Amino acid sequence: MLTRLRAFLAPPKIKDEEKSRVASLQHSILITLIVVTVLTLVVVTIYYGLPQDFEGAFTLLSGTMFIVFSLGGLFLNHRGYVRWAGAAVTAALWLVITSWVYTSGGIESDNTIIAYPLIIALAGVLMGKWGALATTIACLLSTTGVYYIETNEIITFAPPELGFFDLVILSTVLLLSGLLMIFSVNITARGFEHSRQNEQKLTASNKQLYAMRADLENRNAQLQSAVQEYVAYMTRVTQGDLSARLVIDQEQLDSDNPLTILGQHLDKTIAKLQQMTVQIRNTASNLAATAAQIFAATTEQAAGASQQAAAISETSSTIDEVRVIA
């Protein structure tokens, strides 16, 4: 129970920043209104005692009703219905003041009507410009109505008597006006401070963006230069210049830049291709020399065979001559 009460009396937590700011201000105003109303009822009850007439009963009942409406406004405020909470509290305060002015106060014999400017200011803080405009129109209409009633003596009010209750009303209105102004100034100051902090953050973000842009432009220039170097390099390779090598900055040798890694791999690949070409050329030379040696040996063998055939032919002729002689 105590935990729920603390949560109910604590400022509401809303994700929307602007709505949370208005809800916090409204929460502070509602708590202040409840405290001031309770203190006013206590002071009036102690000074005048329990109500014996309509005026005393109206003060007690209207104060109690306003406290109930304020508690309802706190409940709506915690549920995120910020505008509805402000409208309920403003309407309740306007209804209490207007009912008193029309039934017991009037304009000439009572000072309660001075609470109207407070209600308009409260509506502007809690509901914005349209709430202030609507409340202003309502206060103008009610003031015009009570003026018409009083001047035409449709309702006759008691002669003015200055009493302690007038001091209580004036003090309450002045206190609430001062507190409302303090809350408004504080929330405005916090808004300006928040805007200043956002401006500083935006400036820092812009500096970071400019630095990132400069870095991207630098990287883009490096990329374009690297692409041009790679195109020229591959053109030389396709033309048969396998001795060509990419010129890589020494500062980039240990870099993780993909272009640097690609260049290193290309250099290694072309170097291996050059080695393979040299090996193929050497192998072809060796094969040519071996073929020449084989051709020479074959030629010698063919010459030896011709000599052997001549010797055999001579031997055959000799044998034939011997046979003839025999």
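T40 is buried, with a relative accessible area of 17%. This value comes from a predicted model. T40 is found in helix α2. Beyond the residues up to four places away in sequence, T40 touches V168 and T172. The 17% of T40 falls in the buried class because the cut-off is under 20% relative accessible area.

A second buried position is G63, at 8% relative accessible area. G63 lies in helix α3, which covers residues 54-78. With neighbours within four places in sequence set aside, the contacts of G63 are T37, L41 and F58. G63 can also be placed relative to L93. The two residues are 30 apart in sequence, and their C-alpha atoms are 9.5 Å apart in space.

L93 belongs to the largest nonpolar core, which has 31 residues. L93 is among the members that touch the most other members, together with I29, L33, F66, I97, Y116 and L122. Five elements give two or more residues to this core: α2 (17-48), α3, α4 (82-105), α5 and α6 (164-238). The largest share, 10 residues, comes from α5.

Y116, one of those core residues, is in contact with W94, I97, T98, C139, S142 and T143, again leaving aside neighbours within four places in sequence. S142 sits in helix α5, residues 115-151. S142 counts as buried, at 6% relative accessibility. Outside the four places on either side in sequence, S142 is in contact with W94, T98, Y102 and Y116. W94 and T98 thus appear in the contacts of Y116 and also in those of S142. The side chain of S142 also reaches the backbone oxygen of C139, at 2.9 Å. C139 is itself among the contacts of Y116.

The geometry of α5 departs from that of a straight helix. α5 has 37 residues, yet its end C-alpha atoms are only 21 Å apart. A straight helix would reach 54 Å at 1.5 Å a residue. At M127, α5 bends by about 145°. Just after α5, E153 takes a positive phi of about 55°.

Charged pairs were examined next. A search of the whole structure finds 2 salt bridges. Side chains of opposite charge can pair when their charged atoms come close. In one pair, R196 forms a salt bridge with E193, and the closest N and O atoms are 2.5 Å apart. R196 and E193 are separated by about one helical turn because they are 3 residues apart in helix α6. R196 is partly exposed, with a relative accessible area of 41%. E193 is partly exposed as well, at 37%.

In the other pair, the side chains of E217 and R213 meet in a salt bridge, with an N to O distance of 3.3 Å. E217 and R213 lie 4 residues apart in helix α6, so about one helical turn separates them. An α-helix has 3.6 residues a turn, so residues three or four places apart point the same way. E217 counts as partly exposed, at 46% relative accessibility. R213 is exposed, with a relative accessible area of 52%. R213 is placed in the exposed class because that class begins over 50%.

Notes
Residues are numbered from 1 along each chain as its sequence is written. This is a predicted model: local features need pLDDT of at least 70, side-chain atom pairs count only at pLDDT 80 or more; totals for chains, interfaces and linings use all residues. Side-chain values use heavy atoms; hydrogens and water are left out. Buried means under 20% relative accessible area, exposed over 50%, partly exposed in between (1.4 Å probe, protein chains only). Contact means heavy atoms within 4.5 Å. A polar contact is a pair of N or O atoms within 3.5 Å; within protein, one must be able to donate a hydrogen and the other to accept it, and residues adjacent in sequence count only if both atoms are side-chain atoms. A nonpolar core is a set of buried Ala, Val, Leu, Ile, Met, Phe, Trp, Tyr and Cys residues joined through side-chain atoms within 4.5 Å. The expected span of a helix is 1.5 Å times one less than its number of residues. The bend at a residue is the angle between axes fitted to the seven residues ending there and the seven starting there. A salt bridge is a side-chain nitrogen of Lys or Arg within 4 Å of a carboxyl oxygen of Asp or Glu.
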